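Welcome! Let us take a walk through this structure together, one part at a time.

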Amino acid sequence: MILVTAANGNQGKLLVPNLLAAGQEIRVCVRSEESARSLRSAGVADVVVGDITEPGMMVRAMKGVEKVYYVGPTLHPREREMGFAAIDAARESGVQHFVFSSVLHAILTDLTQHEIKRDLEEYLLSSGLEFTILQPANYMLRHRLNPVMEQGVFLLSWALDRHQSMVDLGDVAEVAAAVLTDSDRHVGATYELVAPGRYTAYDIAETISEVLGRKVSAKRIDADQFTAASHGADHEINFPYHTSAARAISKRYSSHDFVGNPNVLTWLLGRNPTSFKQFVQRELKTYP
């Protein structure tokens with residue numbers, strides 16, 4: 001049996017169908033009954049509902065599990081603690097293969113979420129568990145196209161002339177499914193998952209313009225505007241951790257490029273990874 005955490009999140013929504021299609025027996029871990037209903041309707045029979053910050057939650061979820069795909073909560077102030085607890089629970093439960101969704105260049109300690117994932121990678125390597133670590137680049141995310149469709153502008157919260165590498169979530173899910181279903185081939189590996197191309201915000205806007213057939217511009221917003229859009233005007237008071245992390249991202253990405261190499265992802269997929277242009281073409285087809 002395979003346990004998938006954050007099963008209704010960005011990765012889980014794509015990974016779970018891949019595993020079901022491959023005939024894998026899976027258990028999913030979600031926080032809300034709403035997410036549980038969605039997954040049950042998609043064909044998942046074994047759903048564990050609960051808050052992974054609660055002591056013992058991961059131990060219960062991992063009982064009888066052979067493999068785990070662990071995705072930590074995005075920008076959660078207790079992410080490190082929860083990751084340690086998940087690794088401990090996997091060891092106690094006799095899990096045979098722990099696959100950890102980390103981040104590209106986790107060694108960057110001036111980024112809060114990278115430093116946490118670096119610590120979790122080290123803890124996993126020292127746990128005695130068989131492991132695989134996936135290190136995806138920045139995700140190509142559909143919601144980042146919303147301002148394009150609504151305002152004709154691509155928004156970014158760091159310097160517009162800095163380059164970034166990206167990766168399609170579908171490609172990440174495809175690799176994760178392959179790693180989980182063929183563990184012997186992938187245990188002990190750390191894989192950087194990066195699509196071809198290095199893009200400034202201007203490059204991104206130009207690519208979207210080409211697909212849409214109309215001009216899209218790039219515009220920088222500051223980190224606090226970015227955080228306020230998702231957490232409200234009082235984010236500095238109510239979400240200090242998120243605010244601090246967003247500011248750190250803006251500072252780092254404004255002073256350094258964030259890039260990687262696509263060779264490993266190409267090898268794992270056995271094909272060319274999804275390009276940013278292909279991602280835009282696919283996603284814009286589904287807009288009303």
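The paragraphs below go from the sheet to the helices and then to a few single residues.

Before we set out, please note that this is a predicted model, in which local features need pLDDT of at least 70, side-chain atom pairs count only at pLDDT 80 or more, and totals for chains, interfaces and linings use all residues. Residues are numbered from 1 along each chain as its sequence is written, and side-chain values use heavy atoms, with hydrogens and water left out.

Let us start with the sheet. Seven strands form an open sheet in the order 3-2-1-4-5-6-10, and their pairing is parallel. Helices (H or I, at least four residues) and strands (E, at least two) are DSSP runs, numbered from the N terminus, and two strands pair if DSSP finds at least two bridges between them. Strands of a sheet pair through backbone hydrogen bonds, either parallel or antiparallel. At the edges you will find strand 3 (46–49) and strand 10, each of which pairs on one side only. From one strand to the next, the twist averages 15°. Angles here run from 0 to 180 degrees between N-to-C directions, and axes are lines fitted to C-alpha atoms, for helices over the stretch in contact.

Now follow the order of the sheet from the strand 3 edge. Strand 2 (residues 26–30) pairs with strand 3 in the parallel sense over four bridges, and Val28 stands opposite Val47 of strand 3. Further along, strand 1 and strand 4 are joined in the parallel sense by three bridges, with Val4 opposite Tyr69 in strand 4. Strand 4 also pairs with strand 5, again in the parallel sense, over four bridges; here Tyr70 has Phe100 of strand 5 as its bridge partner. At the other edge, five bridges link strand 6 (residues 131–136) to strand 10 in the parallel sense, and Gln135 has Glu192 in strand 10 as its bridge partner.

Which way do the side chains point? In a regular strand the side chains alternate between the two faces of the sheet. Strand 10 (residues 189–193) shows this alternation: Ala189, Tyr191 and Leu193 point to one face and are buried, whereas Thr190 and Glu192 point to the other face and are not. Buried means under 20% relative accessible area, exposed means over 50%, and partly exposed lies in between (1.4 Å probe, protein chains only). In strand 4 (residues 67–70) both faces are covered: Lys67 and Tyr69 on one side are buried, and so are Val68 and Tyr70 on the other.

Next come the helices. Helix 4 (residues 79–93) packs with helix 5 (residues 112–125) at an angle of about 20°, their axes 9 Å apart. Helix 4 is therefore roughly parallel to helix 5, since angles under 35 degrees count as roughly parallel, over 145 as roughly antiparallel, 65 to 115 as roughly perpendicular and the rest as oblique. Among the residues making this contact are Phe84 and Ile87 of helix 4 and Leu120 and Tyr123 of helix 5, where contact means heavy atoms within 4.5 Å. By class, the contact of helix 4 with helix 5 has six nonpolar, one polar and seven charged residues. Ala, Val, Leu, Ile, Met, Phe, Trp, Tyr, Cys and Pro count as nonpolar, Asp, Glu, Lys and Arg as charged, and the others, Gly among them, as polar.

A second helix pair is helix 9 (residues 201–212) with helix 14 (residues 276–284), packed at an angle of about 45° with axes 10 Å apart. That angle makes helix 9 oblique to helix 14. Ile204, Thr207, Ile208, Glu210, Val211 and Leu212 in helix 9 meet Phe276, Lys277, Val280, Gln281 and Leu284 in helix 14. This contact divides into seven nonpolar, two polar and two charged residues.

Finally, let us visit some single residues. Leu169 lies in helix 7 (residues 169–181) and is buried, with a relative accessible area of 9%. Leaving aside neighbours within four places in sequence, Leu169 is in contact with Asn10, Gln11, Leu14, Tyr139, Met140 and Leu141. Ala6 sits in the loop between strand 1 (2–5) and helix 1 (12–21); Ala6 has a positive phi of about 50° although it is not a glycine. His105, in the loop between strand 5 (97–101) and helix 5, also has a positive phi, near 55°, in a residue other than glycine. Ala6 is partly exposed at 33% relative accessibility, and His105 is partly exposed with a relative accessible area of 25%.
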